[in-house]
Structure formats: structure tokens, C-alpha cells
Amino acid sequence: LDTGDTVTVDTKDTIEIDTKPKQPHIGIVLKFVRDCTKEEIVTAFENTFHDIPIDEIEIFSKELNNRVSDDGVKIGEEVIFYWLIGGGLIITQNQQYSQHSPFTSKLIEKRLLEVYIDPTRSVATELVTQMLEFTCDVKL
């Protein structure tokens, strides 16, 4: 089936099936300049979410834990966040992607993006400048 295909259930009802996979809207690559354990990475992100409900942080932490290798991340390796059109977040390490459902939490998705493009939350102003240069009209 293709996007927009219809399936007739009976003579009265028609169901439209969206078979197009969600596409990335924004991707941010974190290239590591030092070795980090899985625990260090998860804890660092948890600390940025201090005012978000704990149940949402735990879901994100579990997802991040599942995507980062047990050995953590070594110098030169990457962790990539992909925000999807229509919502959802995919996390990969070194572009290794296995078929899994995107993580979804509007609060986490928004805060994580703010860490990179919101001047009041960002860890570095040059990061914000570069992101805004290559991004336009981002809405979560």
C-alpha cells in the first residue's frame, strides 16, 4: 500500500491508511570528544529535565539506555537525535538504527531541542548561532 491508499471495509465505510514512515525534521549529531559511560550520558540528560515529570524522564532514560551501547560512547563516536515530522524522537548511536517505535513525549522533545537552540537553556551560544543558521521555523 502507498500513502493515501484506501481499503474498503464494506459498502459504507472507507479507511485511509497512512503507510508513509515518519520522516526526520531535525537531526542533531553529538560527536564525543571524550569517552563517556552509559550512566554518565543518561545522568547528564536527566539533569537537563529537572522540572519535567519524573515518569516522562524515566521513559526517556530507558529509551536512551536502550540506544547507547553497554560500553558507553568512545572518543569520535556519535549519538544522534532525530525529531520526526508530526512528533516523535529517534535516538541512534553511530547511526546504528534498529526498527523501533520513536520515543514520544512533547515535553522531553521540546526541552531536548531547547538545549541546542534556546539561548536561555543552551550550553554554548555558538551552538545556538549555528543551529539557527541552519534551521528555520521549528515548532514542536
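Which elements do the buried residues of α2 pack against? I took this as my starting point in the predicted model, and I found that the buried residues of α2 pack against α1 (38-48), β4 (78-84), β5 (89-93) and α3 (106-117).

**Entry 1, helix α2.** I looked up the extent of the helix and noted that α2 covers residues 54-67, which makes 14 residues, and that it reaches 20 Å from its first C-alpha to its last, close to the 20 Å expected at 1.5 Å a residue. I then listed the buried residues of α2, which are Ile57, Phe60, Ser61, Glu63 and Leu64. Seen down the axis of α2, these buried residues fall within an arc of 165°, so they line one face of the helix. On the face turned away from that buried side I found the exposed residues Glu58, Ile59 and Lys62.

**Entry 2, Phe60.** I next asked what Phe60 touches, leaving aside its neighbours within four places in sequence, and the contacts are Phe45, Phe49, Phe81, Leu89, Ile91, Phe103, Ile108 and Leu112.

**Entry 3, aromatic pairs.** I counted five aromatic pairs in the structure. For Phe60 and Phe103 the ring centres are 5.6 Å apart and the planes stand at 70°, which is over the 60 degrees required, so I entered the pair as edge-to-face. This pair links distant parts of the chain, since Phe60 sits in helix α2 and Phe103 in the loop between β5 and α3, 43 residues apart. Both Phe60 and Phe103 are buried. I also looked at Phe81 and Trp83, which form a tilted aromatic pair, with 6.3 Å centre to centre and 50° between the planes. Phe81 has 0% relative accessibility and therefore counts as buried, and Trp83 is buried as well, with a relative accessible area of 1%. Taking the ring pairs together, I noted that they link Phe45, Phe49, Phe60, Phe81, Trp83 and Phe103 into a cluster.

**Entry 4, the nonpolar core.** How many residues does the largest nonpolar core have, and which of them have the most contacts inside it? I recorded 27 residues for this core, and those with the most contacts inside it are Phe45, Phe60, Phe81, Leu112 and Tyr116. The elements that give two or more residues to the core are β3 (24-31), α1, α2, β4, β5 and α3, and the largest share, six residues, comes from α3.

**Entry 5, back to α2.** I closed by returning to Phe60, which is one of the buried residues of α2, belongs to the ring cluster, and is among the residues with the most contacts inside the largest nonpolar core.

Conventions
Residues numbered from 1 in each chain as written. Predicted model: local features only at pLDDT ≥ 70, side-chain atom pairs only at ≥ 80, totals over all residues. Heavy atoms only, no water. Helix = DSSP H or I, 4+ residues; strand = E, 2+ residues; numbered from the N terminus. Expected span 1.5 Å × (residues − 1). Buried < 20%, exposed > 50% of the residue type's maximum accessible area, 1.4 Å probe, protein only. Arc of directions from axis to C-beta. Contact = heavy atoms within 4.5 Å. Phe/Tyr/Trp six-rings, centres within 6.5 Å; stacked < 30°, edge-to-face > 60°. Core = buried A, V, L, I, M, F, W, Y, C linked by side-chain atoms within 4.5 Å.
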